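Work through the exercises below with the sequence and the model at hand. Each task is followed by a solution in steps.

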Amino acid sequence: MSNILVGVTGGIAAYKSAYLVREFVRAGHNVKVMMTKKAESFVSHTTFEALSLNPVLRENNTPTPISHIDYSSWADVCIIAPATANTIGKINAGIADNELLSTILALKCPLVLAPAMNTNMYSNTIVQENIRSLQSKGIYMILPASGLLACQTEGEGKMQDPDIIAEKVLNILNSENDLSLKIENDMLSGLTILITAGPTKEYIDPVRYITNKSSGKMGYALAEEAYKMGANVILISGEVNIKSDIPNIQKIVSAEDMYNAFLSFYNEADIIIMAAAVADYFPVYENKKIKKNDNELVLHLQKTKDILSYAGTHKKENQVLVGFAAETNNMEEYAKQKLEKKKADIIAANDVSRKDIGFDSIDNEITLFFADGSITHTGKQSKQDIAKIILAESAILHSEKNK
Ligand SMILES: Cc1cc2nc3c(=O)[nH]c(=O)nc-3n(C[C@H](O)[C@H](O)[C@H](O)COP(=O)(O)O)c2cc1C
């Protein structure tokens with residue numbers, strides 16, 4: 001039995017959400033409803049209170065003093081049906097000017113939207129961009145069907161039937177639960193895991209260097225969680241601001257150092273996870289500090305050794321290799337290319353253009369691309385929880401390879 005939060009916004013399809021709530025309650029789930037003010041002009045909150053057996057979170061009448069936090073932390077999954085163009089746009093912009101939107105911003109569980117609107121509204125470029133942008137942030141969409149709309153026009157925009165929405169929401173819930181079910185406390189016991197973390201620094205002269213924004217948090221979260229799950233951890237780390245009790249940390253500075261440390265240890269590893277942000281190029285090093293003379297200074301950069309490629313071509317049959325892809329655009333395409341080119345078993349891709357995840361943030365959101373073509377979305381979670389999922393998937397793959 002799960003806690004399902006149903007959000008209703010101001011579209012004509014609001015009445016269908018009463019059936020949706022009934023479906024969830026009939027299936028034995030706990031249901032709470034939140035409504036925008038506009039939604040209440042279509043259906044009364046009393047209907048939803050009677051069906052859900054819980055007080056409705058309304059714009060001007062909240063069940064508890066901090067209802068948006070209480071409702072968001074209670075939910076295992078949240079479905080907004082119907083989701084108006086207005087609410088979709090506001091979610092994408094991070095606006096929280098009503099109770100429903102504030103609750104959505106505070107959610108830690110999967111969010112599902114079922115857009116419904118007139119065809120012209122639905123095909124509007126802004127609405128379409130908002131939908132795509134939300135999808136790229138890991139928000140699930142149950143896209144509308146075509147049919148005769150309430151405004152008597154024929155076309156796309158009709159909310160999916162409540163039974164279809166209910167089935168899809170429960171599938172999402174189950175697949176997310178499956179991910180956490182896969183994690184067992186001692187599943188890495190007896191395995192050696194090599195993890196690389198943090199940035200590399202490429203010195204230009206004795207006082208200057210080129211580096212990148214990696215904080216090392218994801219790599220360290222992987223190492224800490226692997227250690228807790230019983231693994232023998234070898235952590236090769238660039239310079240970071242993190243204290244850790246992991247016994248075996250190999251501290252390095254440059255990409256060349258990381259390559260050399262990797263060569264020393266990769267043979268003993270059962271699973272290799274390359275979470276470090278290794279420089280692609282390094283400057284030709286000047287022994288003495290470069291003096292300020294001309295208006296321009298040209299740096300000559302050379303390619304660093306590609307550690308992931310090396311690992312891919314030299315990995316043993318029974319080793320599992322996980323690479324990371326930090327992308328700002330075309331994430332799926334680049335991640336799939338990297339998976340093939342580097343001969344990795346898994347590529348963990350994240351969108352580093354987002355401010356709320358990735359470099360230096362506490363949370364992350366990863367899509368795992370597997371060599372067999374399957375894909376797993378982790379949803380937005382703490383880096384520790386994401387680490388557990390990556391480790392669990394790697395351990396499962398390792399045991400399949402070693403059968
Ligand atoms: C009769 C009527 C039906 C509407 N149906 C829809 C709809 O199906 N989808 C939609 O996106 N907006 C629809 N709207 C417009 C929204 O109600 C309006 O954008 C409102 O600001 C949405 O507020 P909310 O997102 O806070 O609920 C409708 C408006 C009216 C008057």
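Two strands pair if DSSP finds at least two bridges between them. Helices (H or I, at least four residues) and strands (E, at least two) are DSSP runs, numbered from the N terminus. The model is predicted: local features need pLDDT of at least 70 and side-chain atom pairs count only at pLDDT 80 or more, while totals for chains, interfaces and linings use all residues. Residues are numbered from 1 along each chain as its sequence is written.

**Exercise 1. Strand 3 and its partners**

Task: find the bridge partner of Ala83 in strand 4, then place strand 3 in its sheet.

Solution.
Step 1. Ala83 has Pro115 as its bridge partner in strand 4. The two strands, strand 3 and strand 4 (residues 111–115), pair in the parallel sense over four bridges.
Step 2. On strand 1 (residues 3–8), four bridges lead to strand 3 (residues 77–83), again with a parallel course. Ile4 is matched with Val77 of strand 3, and Gly7 with Ile80.
Step 3. The open sheet has five strands in the order 2-1-3-4-5, with parallel pairing. Strand 2 (30–35) and strand 5 (140–141) are at the edges with a single partner strand each, so one side of each has no neighbour in the sheet.

**Exercise 2. Burial and a cis bond in strand 3**

Task: state how many residues of strand 3 are buried, and which peptide bond is cis.

Solution.
Step 1. A residue is buried if 20 or more other C-beta atoms lie within 10 Å of its own, exposed if 12 or fewer, and partly exposed in between; C-beta atoms are placed from the backbone.
Step 2. By this count seven of the seven residues of strand 3 are buried.
Step 3. In a regular strand the side chains alternate between the two faces of the sheet. In strand 3, Val77, Ile79, Ala81 and Ala83 point one way, Cys78, Ile80 and Pro82 the other way, and all are buried.
Step 4. The bond between Ala81 and Pro82 is cis, with omega about -5°. Pro82 has its place in strand 3. Most residues other than glycine have a negative phi, and most peptide bonds are trans.

**Exercise 3. Positive phi**

Task: for Leu53 and Lys343, give phi, then the location and the exposure class.

Solution.
Step 1. Leu53 is not a glycine, yet its phi is positive, near 65°. The residue belongs to the loop between helix 2 (45–52) and helix 3 (67–74). With 12 other C-beta atoms within 10 Å, Leu53 is exposed.
Step 2. Lys343 likewise has a positive phi, near 55°. The loop that holds Lys343 runs between helix 12 (331–341) and strand 17 (346–351). Lys343 has 16 C-beta neighbours inside 10 Å and is partly exposed.

**Exercise 4. The ligand shell and Met117**

Task: name the residues that come nearest the ligand and describe the surroundings of Met117.

Solution.
Step 1. A residue is near a molecule or strand if its C-beta atom, placed from the backbone, lies within 6 Å of it. The shell has 15 residues, of which Gly10, Gly11, Thr36, Thr84 and Met117 come nearest.
Step 2. Helix 4 (residues 85–93) supplies the largest share, three residues.
Step 3. Ala, Val, Leu, Ile, Met, Phe, Trp, Tyr, Cys and Pro count as nonpolar, Asp, Glu, Lys and Arg as charged, and the others, Gly among them, as polar. The shell then has seven nonpolar, seven polar and one charged residues.
Step 4. Met117 sits in the loop between strand 4 and helix 6 (119–123). Met117 is buried, with 26 C-beta neighbours inside 10 Å.
Step 5. Two residues are in contact if their C-beta atoms, placed from the backbone, lie within 7 Å. Not counting residues up to four places away in sequence, Met117 touches Gly11, Thr84, Ala85, Tyr122 and Gly157.

**Exercise 5. The eight-stranded sheet**

Task: give the strand order of the mixed sheet and one of its pairs.

Solution.
Step 1. Eight strands form this open sheet in the order 12-11-8-13-16-17-18-19, with mixed pairing. Strand 12 (249–251) and strand 19 (375–382) are at the edges with a single partner strand each, so one side of each lacks a neighbour in the sheet.
Step 2. Strand 8 (residues 192–197) pairs with strand 13 (residues 271–274) in the parallel sense over four bridges. Thr196 is opposite Met274 of strand 13.
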